[in-house]
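Below are my notes on this model, set out as numbered points. Please read them with the structure open.

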Amino acid sequence: MSRADTVRFRYNQAILVAAIVAFIGALPLATARWWLLWVLLIPLALGVWAWRAGTDADARELRLRALVGQRRVPWTRVAELTADARGRAVARLDDGETLVLPAVSAADLPRLVSATGQELSESAG
């Protein structure tokens, strides 16, 4: 699959801007004493998370990305896509495990399903 066929979901980039502002704001404190340099790691980690975390979907798999690492889930393992009470998208796997999809809301589910090349089915109620 080409990168153009991948649907990407990321958190709002305002989080990244906030991390940059926090980094700049922490500079005077961190440079006051050498042992306060660790303070810069907090906005730096937040910025990396904001840049990286989210969900990627293509016709083959889901990729759930976090601050460090990622988890790949083939579509053949996904039994159901649904939303939880908080409006977050959840994937239920064939073994019963549930995964909250980072940066994907219930309103994004049609776009997520379209990445597979399949149609949405109405649930029988």
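**Notes on the predicted model**

1. Setting aside neighbours within four places in sequence, Asp56 is in contact with Thr6, Val7, Arg8, Phe9, Arg10, Glu61, Leu62, Arg63 and Arg65. The model is a predicted one, and the points below should be read as such.

2. Asp56 belongs to strand β2. Is this residue buried or exposed? Its relative accessible area is 2%, below the 20% cut-off, so Asp56 counts as buried. Two arginine side chains make polar contacts with the Asp56 side chain: that of Arg8 at 3.1 Å and that of Arg10 at 2.9 Å.

3. Those two arginines sit on strand β1, which covers residues 7–10 and has side chains that alternate between faces. Val7 and Phe9 point to one face and are buried. Arg8 and Arg10 point to the other face and are not buried. The polar contacts of Asp56 noted above are thus with residues on that second face, Arg8 and Arg10.

4. Strand β2 spans residues 54–57, with Gly54 and Asp56 pointing one way and Thr55 and Ala57 the other. Unlike the pattern in β1, where Arg8 and Arg10 are not buried, all four of these β2 residues are buried.

5. Which strands pair with β2? β1 does so in the antiparallel sense, over four bridges. Strand β3 (residues 61–65) is also antiparallel to β2 and is joined to it by four bridges. A hairpin of three residues connects β2 to β3. Thr55 can be used to trace the pairing on both sides: Phe9 has Thr55 as its bridge partner in β2, and Thr55 has Leu64 as its bridge partner in β3.

6. Arg52 lies in helix α2, which runs over residues 41–52. What is the nearest side chain of opposite charge to Arg52, and how far away is it? The side chain is that of Asp56, at 7.6 Å. Arg52 is buried and has no salt bridge. Its side chain does reach a backbone atom, the oxygen of Gly69, at 2.9 Å.

7. The surroundings of Arg52, again without neighbours within four places in sequence, consist of contacts with Arg10, Arg65, Ala66, Leu67, Val68, Gly69 and Gln70. Two of these names also appear among the contacts of Asp56, namely Arg10 and Arg65.

8. Ile15 is in helix α1, residues 14–32. With a relative accessible area of 26%, Ile15 is partly exposed. Beyond neighbours within four places in sequence, Ile15 is in contact with Leu46, Trp49 and Ala50. Ile15 and Ala50 are 35 residues apart along the chain, yet their C-alpha atoms are separated by 6.0 Å.

9. An unreviewed UniProt entry lists residues 12–29 and 35–54 under "transmembrane region". In the model, residues 12–29 are 89% helix and 0% strand, with end C-alpha atoms 28 Å apart. Residues 35–54 are 60% helix and 5% strand, with end C-alpha atoms 33 Å apart. The ranges themselves come from the record, whereas the helix and strand percentages are computed from the model.

Conventions
Residues are numbered from 1 along each chain as its sequence is written. This is a predicted model: local features need pLDDT of at least 70, side-chain atom pairs count only at pLDDT 80 or more; totals for chains, interfaces and linings use all residues. Side-chain values use heavy atoms; hydrogens and water are left out. Buried means under 20% relative accessible area, exposed over 50%, partly exposed in between (1.4 Å probe, protein chains only). Lys and Arg count as positive and Asp and Glu as negative; His and the chain ends are not counted. A salt bridge is a side-chain nitrogen of Lys or Arg within 4 Å of a carboxyl oxygen of Asp or Glu. A polar contact is a pair of N or O atoms within 3.5 Å; within protein, one must be able to donate a hydrogen and the other to accept it, and residues adjacent in sequence count only if both atoms are side-chain atoms. Contact means heavy atoms within 4.5 Å. UniProt positions are given in the numbering used here, feature names are shortened, and annotations may be inferred rather than shown by experiment. Two strands pair if DSSP finds at least two bridges between them.
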